[in-house]
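Please examine the sequence and the three-dimensional structure shown below. The paragraphs that follow lead through them step by step.

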Amino acid sequence: MAATGTADLSLIEAAKRAACQQAVKDNFSPSFKYVGIGSGSTIAYVVEAIAALGPEVSAGVKFVPTGAGSTKLIRDAGLTVLQVPDLLIEVGFAGPGTSRQHLDIYFDGADEVDAELNCIKGGGACLFQEKVVSRLSKKFICVADSRKKADRLLTNWAYIPIEVSPIAAELVRQALIDLGSKDPAIRFSPSTTTHLITDNHNYLIDAPFPTLLLNSQADFIDPARGLWTPDALTAKIRGILGVLEVGIFSGLTGPQATAAGPDVEGVKPVKIYFGKPDGGFETQE
Ligand SMILES: O=C(CO)[C@H](O)[C@H](O)COP(=O)(O)O
C-alpha cells in the first residue's frame, strides 16, 4: 500500500477505531458464549470497545484468539482467553453432520476486501488460525479502514500470503510461478534477517498474481470473464504439496453456509465496517 505520513496516520487510526466501535455496538451481545478475535492493529480497537463495556457485560464471554498477538491483546484487556483446542474439548463433538459453528461471532481485520466481501488476509502472518476461527464461527464481521476497499482482490494489496511447510517452501514457490504468480517470495521477519516463522512454525510465501489473467486457459479462470475467481484460485493453491492454507477468505457465509452443512467453507465476512478518515464509517454487506 502507499506510504502514509505521520499526520495521516492519526486519521487512519481514528478511522479504524470508529469502525470497530460501531461494529461492536451493532454486533456484540452479552448473551454470547464464544467470540473470535482476529489479529493485526485494527482488531485492538474491537477488544478496546468490548472491554469498555465493563465486566458486567463481558464476564460471561470467552474470547477465542487467532495467534500469540491476539491472545496477549485479550488477556491484557482483562477478558477471558479460550484457545481453539480447549474450545473444541469444551463443546465436544455432537456427531456427523452437526454444526461446527460454535462461536457466536468472529471479529477481524483484512488486508483487502472486494465488492463481494472476499478478503485477503495474512499481512500479519496469522492467516491459518484466522481461517480456523472463521470456519468455527456463525458469522465473521470485518473491520478495516477505507484504504482496504477494492472492486477486485489484488488491486491495491500486492500479494496473497500463503502459509507453507518450511521443508517444501521452495517447491511451493516454483509451483506458484507455474500458476502465474510473479516473483513469489518467502517472507522475512521484519525484526531479524531470517525467515519469518508463524505461530504454527511454518513459513509464509507472499505471492503476487496479476489482477486479471485474460486469455489464460488455466482451470482456475472463469471462462466467461477471463478472470481468476477467489474460490478457484484458493483451491488451486491449496492443492500444492506443502501448502497449509491460503490467505484468501471466500466462500459461503452465515445462513447460506449453515444451510449447506458443516463441511462448507464459510470463511468470508457477512459484513464489513470501513472507517473513513473523516471520522465516519460505511458498511458493506
Ligand atoms: O490478516 C491479518 C493478520 O494475519 C490482519 O487482519 C490484516 O493483516 C490486517 O491488519 P491491520 O488491522 O493491522 O491492517
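In this predicted model, I141 stands opposite K271, a residue of strand β15. This pair belongs to the junction of strand β7 (residues 140-145) with β15, where the two strands run parallel and are joined by five bridges. Strand β15 also pairs with strand β16 (residues 281-284), here in the antiparallel sense and over four bridges. Within that second pairing, F274 is placed opposite E282 of β16. Strands of a sheet pair through backbone hydrogen bonds, and the pairing may be parallel or antiparallel. Strand β15 therefore offers an example of each sense: parallel with β7 and antiparallel with β16.

The connection from β15 to β16 is a hairpin with five residues between the strands. In its turn, G279 has a positive phi of about 95°. As for the surroundings of β15 (residues 271-275), four of its five residues are buried, so the strand is largely enclosed by the rest of the structure.

Several residues of this region meet at A19. Leaving out residues up to four places away in sequence, A19 touches V143, A144 and D145, as well as Y273, F274, G275 and F281. In soluble globular proteins, nonpolar side chains tend to be buried together. The largest nonpolar core of this model has 70 residues, and those that touch the most other members are A19, V46 and V143. At least three residues of this core come from each of domain 1 (6-151 + 249-284) and domain 2 (160-247).

The two domains may now be considered in turn. The domain assignment gives domain 1 as residues 6-151 + 249-284 and domain 2 as residues 160-247. Their centres, taken over C-alpha atoms, are separated by 24 Å. Domain 1 contributes 15 residues to the contact, and domain 2 contributes 14 residues. On the side of domain 1 that touches domain 2, the largest share comes from α6, with four residues. That side of domain 1 consists of six nonpolar, seven polar and two charged residues.

Is helix α6 enclosed or in the open? Eight of the nine residues of α6 (residues 127-135) are buried, so the helix is largely enclosed by the rest of the structure. The buried residues are L127, F128, Q129, E130, K131, V133, S134 and R135. Helix α5 (residues 84-91) presents another case: of its eight residues, the number buried is zero, so α5 lies largely in the open. After α5 comes G92, whose phi is positive, near 70°.

The loops on either side of α6 also deserve attention. K138 lies in the loop between α6 and β7. This lysine counts as buried because 21 other C-beta atoms lie within 10 Å, where the cut-off for a buried residue is 20 or more. Apart from its neighbours within four places in sequence, K138 is in contact with Q101, L103, D104 and I105. K138 and Q101 are 37 residues apart along the chain, yet their C-alpha atoms are separated by 5.1 Å.

In the loop between β6 and α6 lies A125. Most residues other than glycine have a negative phi. A125, however, has a positive phi of about 75° although it is not a glycine. With 24 other C-beta atoms within 10 Å, A125 is buried. L117 likewise has a positive phi, near 70°, in a residue other than glycine. Its place is the loop between β5 (112-113) and β6 (119-120). L117 is partly exposed, with 19 other C-beta atoms within 10 Å.

Which residues are closest to the ligand? The closest are G40, T42, G109, G123 and G124, among the 17 residues that surround the ligand. This shell divides into four nonpolar, nine polar and four charged residues.

Finally, an open sheet is formed by four strands in the order β9-β10-β8-β13, with antiparallel pairing. Its edge strands are β9 (185-186) and β13 (243-246), each of which pairs on one side only. Within this sheet, strand β8 (residues 160-164) and strand β10 (residues 203-207) run antiparallel and are joined by five bridges. The bridge partner of E163 in β10 is L204.

Methods:
Residues numbered from 1 in each chain as written. Predicted model: local features only at pLDDT ≥ 70, side-chain atom pairs only at ≥ 80, totals over all residues. Near = placed C-beta within 6 Å. Nonpolar A, V, L, I, M, F, W, Y, C, P; charged D, E, K, R; others polar. Buried ≥ 20, exposed ≤ 12 C-beta atoms within 10 Å, placed from the backbone. Pairing = 2+ DSSP bridges. Domains from an automatic or database assignment. Contact = placed C-beta atoms within 7 Å. Core = buried A, V, L, I, M, F, W, Y, C linked by C-beta atoms within 7 Å.
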